[in-house]
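Q: Hey, I'm new to this one. Can you walk me through it?
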Amino acid sequence: MEIKEILVSQPQPAVIEKSPFYELAKSNKINITYKPFIKIEGVSLKEFRSQRTEILDYSAVIFTSRTTVDNFFRICEEARITVPETMKYFCITEAIALYLQKYIIYRKRKIFFADGQFDHFMESILKHKDEKFILALAEPHNPEIPETLKRLGVNHASIIFARTVSADLTNIDLANYDVLAFYSPNEIAALTAHYGQKDDMPMIAVFGDKTAEAAANAGLKVYAKAPAPGTPSMAKAIELLVQAAKSGKELEPLEIGASHVAEDFIKAQEAKPVKKVRAKRKPTTSATTKA
């Protein structure tokens with residue numbers, strides 16, 4: 001079979017030529033359609049206040065998405081909270097860190113970011129364990145980060161700044177597509193809630209272990225996954241799938257196992273030897289005094 005039509009569950013890029021899918025579509029003569037399966041709605045100021053959290057009582061904020069960045073600063077503006085310049089920000093990717101420039105002056109001494117990998121992100125947070133963190137979340141969310149922070153004794157408050165709801169999918173005919181690309185478990189939930197479990201479902205491509213796990217649990221067959229060795233991005237994973245289809249290779253769904261990344265990280269931290277703190281020696285004083 002040939003792959004000609006791909007649906008990506010993301011908003012259409014403002015500049016198509018800068019999209020990672022642009023070269024994929026151009027070089028392989030395929031069509032890319034952008035249609036989000038979910039949308040994010042920020043919580044009201046009243047809902048935020050009902051969580052009984054004073055932002056100024058904390059010294060750092062953890063962000064895992066641009067959506068939570070937008071809604072954190074929206075709430076601060078509505079509540080007339082001036083975020084101090086001393087506030088530190090921890091982002092799971094550099095892209096989210098750079099996005100902060102929309103709201104603050106970018107300074108390396110207060111913005112920290114990882115490469116998207118769970119363990120690297122948690123390590124950057126643990127290096128500043130003495131901070132008081134706000135974990136900015138959208139509901140529903142992946143429980144791995146809040147549960148790991150709790151088990152490792154990191155002082156934090158998990159605060160909901162937005163909620164994810166299903167988008168209007170009534171005008172999408174799945175029969176028009178060969179591949180559906182999803183980036184979050186919430187998108188998988190929206191797909192199955194609207195369409196159920198169809199036998200003729202298009203091939204599924206996923207980004208992230210939790211998205212893959214959600215697809216497998218929903219009975220969907222995953223044919224492309226990123227990030228993984230050789231497929232650092234969704235565009236690359238789909239490109240390899242398209243090339244395999246062009247070559248006439250029989251396409252087989254991937255085996256998807258449960259993700260244990262959080263548990264593995266916690267065990268690794270618990271296995272580390274405890275650093276011994278040396279007692280400071282008291283300065284010696286002279287036993288003789290002048291008469």
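A: Sure, one term to begin with: buried means under 20% relative accessible area, exposed means over 50%, and partly exposed is in between (1.4 Å probe, protein chains only). Phe-207 has a relative accessible area of 31%, so this residue is partly exposed.

Q: Anything I should know about the model itself?
A: This is a predicted model, where local features need pLDDT of at least 70, side-chain atom pairs count only at pLDDT 80 or more, and totals for chains, interfaces and linings use all residues. Residues are numbered from 1 along each chain as its sequence is written, and side-chain values use heavy atoms, leaving out hydrogens and water.

Q: OK, rings. How many aromatic pairs are there?
A: Rings of Phe, Tyr and Trp (its six-membered ring) pair if their centres lie within 6.5 Å; planes under 30 degrees apart count as stacked, over 60 as edge-to-face and the rest as tilted. That rule gives twelve aromatic pairs.

Q: Why is the pair of Phe-73 and Tyr-103 stacked?
A: Their planes are at 5 degrees and their centres 4.6 Å apart, so they count as stacked. Phe-73 is in helix α3 (residues 66-78), while Tyr-103 is in the loop between α4 (94-99) and β6 (111-113), 30 residues apart. Helices (H or I, at least four residues) and strands (E, at least two) are DSSP runs, numbered from the N terminus.

Q: Is Phe-73 buried or exposed?
A: Phe-73 is buried, at 9% relative accessibility. Tyr-103 is partly exposed, at 32%.

Q: And which rings join them in a cluster?
A: Ring pairs link Phe-73 and Tyr-103 with Phe-48, Phe-63, Phe-72, Tyr-89 and Phe-161.

Q: Switching to strands: which residues of β4 are buried on its two faces?
A: In strand β4 (residues 60-63), Ala-60 and Ile-62 are buried on one side, and Val-61 and Phe-63 on the other.

Q: What does β4 run parallel to, with four bridges?
A: That's strand β5 (residues 88-91); two strands pair if DSSP finds at least two bridges between them. Phe-63 has Cys-91 as its bridge partner in β5. The chain goes from β4 through α3 to β5 in a right-handed β-α-β crossover: with the strands pointing away from the viewer, the path from the first strand over the helix to the second runs clockwise.

Q: And which strand has three bridges to β4?
A: Strand β7 (residues 133-139), also running parallel to β4. There, Ile-134 stands opposite Val-61.
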